[in-house]
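Thank you all for coming. I would like to walk you through one structure this morning, starting with the whole chain and then moving to a few places in it.

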Amino acid sequence: EAFSIDDSTTTEIDDAFSVQALPNGHTRVGIHIAAPSLGILPDSELDLVAMKRLSTVYMPGHKITMLPEDTLAPYSLTAGAVRPALSLYMEVAPDLSIVSNETVVETVKVADNLRHDTLEPIFNENTLALDSKEQPDAHPYWERLVLLFNLAESLEKARGKYDPNRPPQMDYNFYVVDGKVSIIERKRGSPMDKLVAELMIYANSQWGGLLAEKNIPGIYRAQMGGKVYMTVNAEPHQGLGVAQYAWSTSPLRRAVDMVNQRQIIASVQGSEPAYAKGSDALTTVMREFDVTYNAYGEFQQRMERYWCLQWLIQEQVKEIGATVWRENLVRLDGMHYITKVPSLPELPVGARVMLKIERVDPLMMELTCKFMSKVDVGTEAPSTDDVSVISAEAGIQED
């Protein structure tokens, strides 16, 4: 039986997990991914829709799904349903080392869809830090969640990316109901986030390696010398610390993942892959996806900036705190909105200031602020590479 962990607004449930004790004292951890590629064949009507849209498009309060919404139900890992899945099983020893991996195509019973808003108050840094006798046991998944979180930290360390002293970073979820916007601040890298992100990174890396081992082409996300790019070759992703990384865990949301899933299933079943070595179709999907996905990302950021401005108008904000980003750029409190303040004096990065809001123009996407005063309160300097915003249903950005 599997369970998922998602935001309360998520309808495309791509991934779920399972935990099972083995007779030898080890644990079998399952990563289960929805399998639309079993029912949506290449060049079929639905495939043409997916290859045209290429990705779900997110914006505050709304989204346009990659697959038509009425076709998602047979594949989404919805609680109480039995669904087709591509599953990666890990045999995990008591010291959290991974003894073996196995990929299977199967049906999975989905027991629960756990949601962030109800899970995070119970499963967080504070409750995990409690003595074992004090930890909450009311939640039926507590022991499984703790095991998966400990495994996630072990995987993060194995990638060389574990840093307990990393400055806290915030994400902002946008909700728009009847034209009223809410911006909810969430700490990035919570136990819930880390659990999901690390297991997805592991699956994407393992399945990318499986394709390379079987000499079956796929679409990879790579990073070399600081540059992130897409390729049909199994190349390292230095930022993630993995030998290869093939997006495969969101096939209901991204066309690349559905394409890679077809290839992975062929490798498991020993059948002819949908895309042969040197396939022009595979390269075309990769190139079109890359351009489209970046355009969707820019659109999402612009929409989020628009709703930040609308929130300032809605709440009638006249003065606001901010943090100096660099030179005359500041980031406003309570949102990821960076703007120029020409009147800002020379201040160090991380300095806290108060600003007067003089003009808000959401149509022209312009905000005019005036420096009022420096706030003498100690603060952490922001990380200058933290420039992304995650919308309510966009989920974890894996790279």
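**From the whole chain to two loops**

Before anything else, please keep in mind that what you see is a predicted model, and that the values I quote are computed from it.

Let me begin with the overall picture. The protein chain holds 7 helices and 16 strands. Its radius of gyration is 22 Å, close to the 21 Å that the globule rule gives for 399 residues, so the chain is as compact as a globular protein of that length. If you follow the C-alpha trace along its principal axes, the spans are about 65 × 55 × 45 Å.

How much of the chain is buried? Of the 399 residues, 51% are buried. As for the contacts with a separation of 6 or more, 64% of them are between residues 24 or more positions apart. The accessible surface comes to about 18700 Å², and carbon and sulfur atoms account for 50% of that area. Turning to charge, there are 37 positive and 55 negative charges, and the mean positions of the two sets are 4 Å apart.

Now let us go to the beginning of the chain, to strand 1, which runs over residues 2–6. This strand is mostly covered, with 5 of its 5 residues buried, and the cover is found on both faces: A2, S4 and D6 are buried on one side, while F3 and I5 are buried on the other. Which strand does it pair with? Strand 1 pairs with strand 7, residues 98–115, in the parallel sense and over 5 bridges, and within this pairing D6 stands opposite R115 of strand 7.

Staying beside strand 7, I would point you to the loop between strand 6, residues 82–92, and strand 7, where L96 has its place. Most residues other than glycine have a negative phi. L96, however, has a positive phi of about 75 degrees although it is not a glycine. With a relative accessibility of 24%, L96 counts as partly exposed, because the buried class ends at 20%.

A second residue of this kind is D178, which is not a glycine either and has a positive phi near 55 degrees. D178 is found in the loop between strand 8, residues 170–177, and strand 9, residues 180–187. Is D178 buried or exposed? Its relative accessible area is 82%, and since exposed means over 50%, D178 counts as exposed.

Conventions
Residues numbered from 1 in each chain as written. Predicted model: local features only at pLDDT ≥ 70, side-chain atom pairs only at ≥ 80, totals over all residues. Heavy atoms only, no water. Buried < 20%, exposed > 50% of the residue type's maximum accessible area, 1.4 Å probe, protein only. Helix = DSSP H or I, 4+ residues; strand = E, 2+ residues; numbered from the N terminus. Pairing = 2+ DSSP bridges. Rg over C-alpha atoms; globule rule 2.2 N^0.38 Å. Contact = heavy atoms within 4.5 Å. Areas by Shrake-Rupley, 256 points an atom, 1.4 Å probe, with all protein chains shown as cover. Lys, Arg positive; Asp, Glu negative; His and termini not counted. Charge placed at Lys NZ, Arg CZ, Asp CG, Glu CD.
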